[in-house]
Amino acid sequence: MNPAKALAALAVLPLILTGCIGTAQPDDKPSIVVTTNILADVVKNLAGDQAQVHTLMPANVDPHSFEISAQQAAVLNEADLVVSNGLNLEEGLQRQLEAVDAAGGNHFVATDHVEVLNVSGSSDAKDPHFWTDPARMIDVVDALEEDLGQVPGVSVEQLQADAQAYRSELSGLQQQMSESFEQIPEASRALVTNHHVFGYLADSFGFRTIGAVIPSGTTLASPSAADLASLAEAIRSSKVPAIFVESAQPDKLARALAQEANIDVQIVELYSESLTLPGEGADSYLQMMQVNTERITQALRN
């Protein structure tokens, strides 16, 4: 290689490396930082063609225990809009999100725009898992459309068209879930889960929540022996045929509970708090909910 070409190659190298780590700004599109990959999928459906959408949480991660890197924190602080779930779902990001608020950053909190439920069995703990009900996700889309429309560089006309198209898909999902769950006899519409994550689904589609292996709205809690014994008795008395566990969480406790209950119960994996990588079964919010609906229906309808 001649000297001129060698110097040119060296000059380009830092730009290539910068692009690989995701901090380069390739154009003038606004920057939107989203905490969870579920909400990021929604934001991309609304404004992905008009903005750079940065997702903090990768696929197959537990949002309760996730913590960001210093590089991600820098991107968060420079965002034109930050989108988070709220109600302490992002337990490891509270300090950074509070810093965004303290600095006067543009921060959209999804759970500020839905009818919030308490965690099953609790009189005061609020449930952050609103997305298991598509109707509440539509409420979030309505509010998010308004905030996105105020971000400089976003075309309101295109945003409205994209938001309406996605709302139609969400309405179709809600109808599909309702029709599928109608196959389950009312007496069998009972849920036992790894932790309390499907309260909104239960509220919207007429399920009873029998209990959870981890009796909390967070996976960071731990069940006591008394908790497991109480839930085992509830499973025996209600004759629940399945325990549903999250794809991002090990099912060791659920299997131990099934043995404790001394009954023949299925352990059924659902995608509840994180999307997967492409091709792994649930790489979009719509696909995640469709797969969950099919698995819940199959496990409970007989």
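Reader: How many cavities of 30 Å³ or more does the count come to?

Author: In this predicted model, the count comes to 1 cavity of 30 Å³ or more, and the largest cavity has a volume of about 50 Å³.

Reader: What makes the space lined by Ser120 and Thr209, among others, a cavity, whereas the space lined by Asn37 and Asp283, among others, is called a pocket?

Author: A cavity is a set of points where a 1.4 Å probe fits but cannot get out, while a pocket is an open set. The largest cavity is lined by Ser120, Leu191, Thr193, His196, Val197, Phe198, Gly199 and Thr209, and by class this lining has 3 nonpolar, 5 polar and no charged residues. The largest pocket holds about 150 Å³ of space, and its lining includes Asn37, Ala40, Asp41 and Lys44; helix α2 (residues 37–47) supplies the largest share of that lining, 4 residues. By class, the pocket lining divides into 5 nonpolar, 3 polar and 3 charged residues.

Reader: Why are helices α6 and α10 called roughly parallel to each other?

Author: Helix α6 (residues 156–181) and helix α10 (residues 285–300) pack at an angle of about 5 degrees, with their axes 10 Å apart. Angles under 35 degrees count as roughly parallel, and α6 and α10 are therefore roughly parallel to each other.

Reader: How do you know that α6 and α10 meet, and which residues take part?

Author: Contact means heavy atoms within 4.5 Å, and residues of α6, including Tyr166, Glu169 and Phe181, meet residues of α10, including Tyr285, Met289 and Thr297. By class, the contact of α6 with α10 has 9 nonpolar, 5 polar and 1 charged residues.

Note on methods:
Residues numbered from 1 in each chain as written. Predicted model: local features only at pLDDT ≥ 70, side-chain atom pairs only at ≥ 80, totals over all residues. Heavy atoms only, no water. Axes fitted to C-alpha atoms, helices over the stretch in contact; angles between N-to-C directions. Helix = DSSP H or I, 4+ residues; strand = E, 2+ residues; numbered from the N terminus. Parallel < 35°, antiparallel > 145°, perpendicular 65-115°, else oblique. Nonpolar A, V, L, I, M, F, W, Y, C, P; charged D, E, K, R; others polar. 1 Å grid on protein atoms, 1.4 Å probe; cavity = no way out; pocket = protein on both sides within 12 Å on 5 of 7 lines; lining within 4 Å. Points joined across faces, edges and corners; volume = space filled by probe spheres on them.
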